[in-house]
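Please open the model in your viewer and keep the selection tool at hand. The tour goes from cysteines to charged pairs.

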Amino acid sequence: MTKLSRVMFLLLCHITSIAKQIVFHYDADRIQEMIEGFDDPIYNGESASALSLLRSTTLVARRLERAYAGCAILTCTLWLVFPVLHRLSGNPVHFAFWTGIDTDPPAMFVAVLLYSYYVTTLVGIANTTMDAFIATILFQCKTQLTILRLDFQTLPQRALIECQKNDLTYESALIKLFVKCFLHYRRVTETAALLQDIFGTAILVQFGIGGWILCMAAYKLVSLNVLSIEFASMTLFILCILTELFLYCYYGNELTVESELIVRSVYSMRWVSSPLRFQRLLLLLMLRVRRTLRPAAGRVIPLSLDTFVKILKSSYTFYAVLRQTK
């Protein structure tokens with residue numbers, strides 16, 4: 001079972017990577033369309049607060065990708081080290097994949113070891129990069145909703161400024177800004193829907209396999225020496241898998257929460273003294289935004305923190321069953 005667990009968590013990581021790469025390959029045009037959509041002026045706020053939020057989102061996304069990929073590379077590097085230490089100490093080294101050749105000669109051992117490091121690192125970078133990309137799109141949608149909430153809350157004040165600048169009536173300025181905000185909201189919902197349509201199935205595969213990966217890695221972890229390099233590498237690997245699942249659930253949950261706050265922001269603006277026509281438009285908008293954005297994996301499993309907890313519970317259940325077979 002220990003050897004099987006070592007093989008399985010690597011195999012499952014390859015499967016999740018391939019599933020996402022297939023999506024990126026066959027839906028490349030729609031993904032490119034989604035990325036280019038963020039260049040739309042409606043997504044780039046004009047106020048100082050909006051620009052600050054966009055810069056903050058970009059900075060967090062950059063740091064996330066670097067830290068996440070760096071953790072994966074460090075894990076694979078440690079996987080390169082401990083077979084060497086086993087070899088130097090005179091212990092046999094068993095690779096987690098079939099080679100069909102004798103790895104006892106030093107030259108063949110080094111060749112297979114470097115090949116293993118190359119493949120696992122490539123899969124690690126592929127997984128972390130694709131995960132960070134999807135999470136960043138969710139984060140960007142959440143940020144756009146935050147900007148939109150601020151625009152709704154300050155809409156009457158901005159309408160007064162618009163009147164002075166462009167010589168408009170107050171009602172015309174209100175409706176003009178309202179239409180802009182509505183178009184902004186519609187673009188965000190379209191982007192979120194497109195993201196789910198493209199990556200929903202791949203995320204569902206990730207969730208389905210992620211629990212098994214955690215289970216196999218934990219089963220392998222408990223059999224290792226706490227002070228060994230292999231234990232440290234396996235701990236980092238589990239951290240990477242937890243981060244992978246947490247990113248989807250956290251940013252999906254943040255998008256849902258931010259979407260639920262839109263109604264409050266619309267209601268909290270100073271609409272009491274606004275024209276009746278504008279109030280009717282607000283009522284129609286509030287009915288529209290009550291349909292909360294709830295990104296889901298395969299349109300079945302919601303991307304939420306509750307889902308993350310359920311995956312952890314399922315992984316522990318699988319792990320407990322495996323421990324009983326030992």
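Is Cys-181 buried or exposed? Select Cys-181: at 4% relative accessibility it counts as buried, where buried means under 20% relative accessible area, exposed over 50% and partly exposed in between, with a 1.4 Å probe and protein chains only. This is a predicted model, in which local features need pLDDT of at least 70 and side-chain atom pairs count only at pLDDT 80 or more, while totals for chains, interfaces and linings use all residues. Residues are numbered from 1 along each chain as its sequence is written, and side-chain values use heavy atoms, with hydrogens and water left out.

With a disulfide taken as a pair of cysteine sulfur atoms within 2.5 Å, the count is zero. For Cys-181, the nearest cysteine sulfur belongs to Cys-163, 15 Å away. Move next to Cys-249, which is buried at 0% and whose sulfur lies 16 Å from the closest cysteine sulfur, that of Cys-240, too far for a bond.

Turn now to the salt bridges (a side-chain nitrogen of Lys or Arg within 4 Å of a carboxyl oxygen of Asp or Glu), of which there are 10. Select Asp-197 and Arg-30, whose side chains meet at 2.5 Å, N to O; Asp-197 sits in helix 6 and Arg-30 in helix 2, 167 residues apart, with helices being DSSP runs of H or I of at least four residues, and strands E runs of at least two, numbered from the N terminus. Adding Arg-299, which is exposed at 58%, shows a further salt bridge to Asp-197 at 3.5 Å. Asp-27, Arg-30, Asp-197 and Arg-299 are linked in a network of salt bridges.
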